[in-house]
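Reader: I am new to this structure and would like a close look at one part of it, namely the surroundings of a single aromatic residue in the interior. Could you take me through it slowly, and then show how the rings and the core around it fit together?

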Amino acid sequence: MEKRNPPKRTHFYKGTLLPYHVTTAAVDALENFEFRKDDVLLTGYGKSGTHWINEVIHLILRDGDPSKLDHRHRRDCIELTEVTDLATVHKLRPNIEIVKTDPSPRVLKTHLRPSVLPKKIWTNKIPVIYILRNPKDVFLSLFDFMRYFTDENGDPCTEPEDFEEVFQDFVAGNVPYDGWCEHVTSYESLIGKVDNILFVTYESMKKDLPAVIKSIAKHVGHNVNDEVINKIVANTTIEAMQRNYVKAMATRKQEKLNVEPTHLLAFLQKGEFLFLLLGAKMLVLSYTIGNVTLKKVISLLTFLSPKWPRRMGAKSNKENKSRICIFHH
């Protein structure tokens with residue numbers, strides 16, 4: 001599908017289509033950013049389950065104890081400036097500056113492709129974890145997410161009637177951080193070239209979270225026993241993350257930070273994390289986006305499922321009637 005003109009509130013830089021709250025200065029600052037030996041870099045395409053796996057990784061590094069977490073572990077991607085409107089993006093510090101004073105161990109999140117990231121991530125063997133999710137679920141979560149942002153006039157970036165247009169842009173890769181396939185294959189191309197990246201699928205977390213916890217713990221060099229694993233599982237349910245979020249915000253209010261990320265609580269209550277409980281079969285029946293009709297949602301699922309790219313040895317997922325990429329590492 002041919003790409004159209006870049007959507008509003010985006011800009012090209014270093015070959016990547018970026019959202020307005022990722023400034024060129026923030027991207028440039030990555031080159032001189034001082035990574036620590038105990039840092040973990042979490043990356044993946046947007047709306048792929050970053051918040052959930054971030055919670056899991058932080059708890060692995062803290063032996064499953066949520067009392068050791070505060071608002072800093074919920075910072076957004078390091079290249080972002082945490083704003084919801086275009087007018088204030090250049091008035092605030094980007095996260096790349098804020099995380100410099102965060103205590104170790106840090107989990108640094110990004111949606112940038114490897115071509116934009118500094119090479120020292122690979123040469124210094126910083127543990128990298130890539131989260132991957134079925135693109136039809138990614139799109140629905142992305143569309144809902146866009147409704148939380150406003151333009152320079154304070155108007156919502158996306159209305160329900162924009163569904164078809166946004167879907168066409170998503171399929172063409174004409175969205176922030178480029179297309180889903182471009183993003184996934186850019187990291188898949190690193191297999192065999194670097195040995196410090198672990199691929200985790202959202203679907204595998206839903207199916208067997210304890211196994212994923214063990215895999216991540218081994219990758220970041222942190223030992224976990226069954227008791228710790230059980231604690232992590234218990235503290236990464238929707239209800240537990242809601243409670244931990246409220247506690248984290250209580251400490252956040254004591255600091256003069258950019259914004260209160262109230263949209264994250266909305267996800268914990270409804271949108272993105274709803275997929276933890278719903279399989280793809282329930283998605284069509286249970287997830288609504290504004291006034292989008294059921295027919296359009298079914299059309300989306302039907303369009304994506306049979307045309308799922310077969311690159312990277314994609315295998316059929318019989319339960320969801322779609323294909324997901326299976327990585328061997």
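Author: Contact here means heavy atoms within 4.5 Å. The model is a predicted one, and a good place to begin is Tyr-187, which, leaving aside its neighbours within four places in sequence, is in contact with Thr-43, Leu-112, Arg-113, Pro-114, Leu-117, Trp-122, Tyr-130, Ile-197 and Phe-199.

Tyr-187 belongs to helix 7, residues 180-188, where Trp-180, His-183, Val-184, Thr-185, Ser-186 and Tyr-187 are buried. The cover over the buried residues of this helix includes strand 3 (40-44), helix 4 (120-123), strand 5, helix 5, helix 6 and strand 6.

Several of these names return in the largest nonpolar core, which has 42 residues, and among them Ile-121, Trp-122, Tyr-130, Phe-139, Phe-170, Tyr-187 and Ile-197 touch the most other members. Two or more residues of this core come from each of helix 1, helix 4, strand 5, helix 5, helix 6, helix 7 and strand 6, and helix 5 gives the largest share, with 5 residues. Apart from this core there is a second, separate one of 27 residues, which includes Ile-57, Ile-131, Met-205 and Ala-217.

The rings themselves deserve a closer look, for a search of the whole structure finds 10 aromatic pairs. In one of them, Tyr-130 and Phe-199, the ring centres are 5.6 Å apart and the planes stand at 55°, so the pair is tilted. This pair links distant parts of the chain, since Tyr-130 lies in strand 5 (residues 128-132) and Phe-199 in strand 6 (residues 197-201), 69 residues apart, and both Tyr-130 and Phe-199 are buried.

Another pair, Phe-143 with Phe-163, is edge-to-face, with 5.3 Å from centre to centre and 70° between the planes. Here too distant parts of the chain are linked, with Phe-143 in helix 5 (residues 135-146) and Phe-163 in helix 6 (residues 163-172), 20 residues apart, and both Phe-143 and Phe-163 are buried. These two rings also take part in a cluster, in which ring pairs link Tyr-45, Phe-139, Phe-143, Phe-163, Phe-167 and Phe-170.

A ring may also have a charge for its partner: the charged end of Arg-133 sits over the ring of Tyr-202, 4.2 Å from its centre.

Technical notes. Residues numbered from 1 in each chain as written. Predicted model: local features only at pLDDT ≥ 70, side-chain atom pairs only at ≥ 80, totals over all residues. Heavy atoms only, no water. Phe/Tyr/Trp six-rings, centres within 6.5 Å; stacked < 30°, edge-to-face > 60°. Helix = DSSP H or I, 4+ residues; strand = E, 2+ residues; numbered from the N terminus. Buried < 20%, exposed > 50% of the residue type's maximum accessible area, 1.4 Å probe, protein only. Lys NZ or Arg CZ within 6 Å of the ring centre and 35° of its normal. Core = buried A, V, L, I, M, F, W, Y, C linked by side-chain atoms within 4.5 Å.
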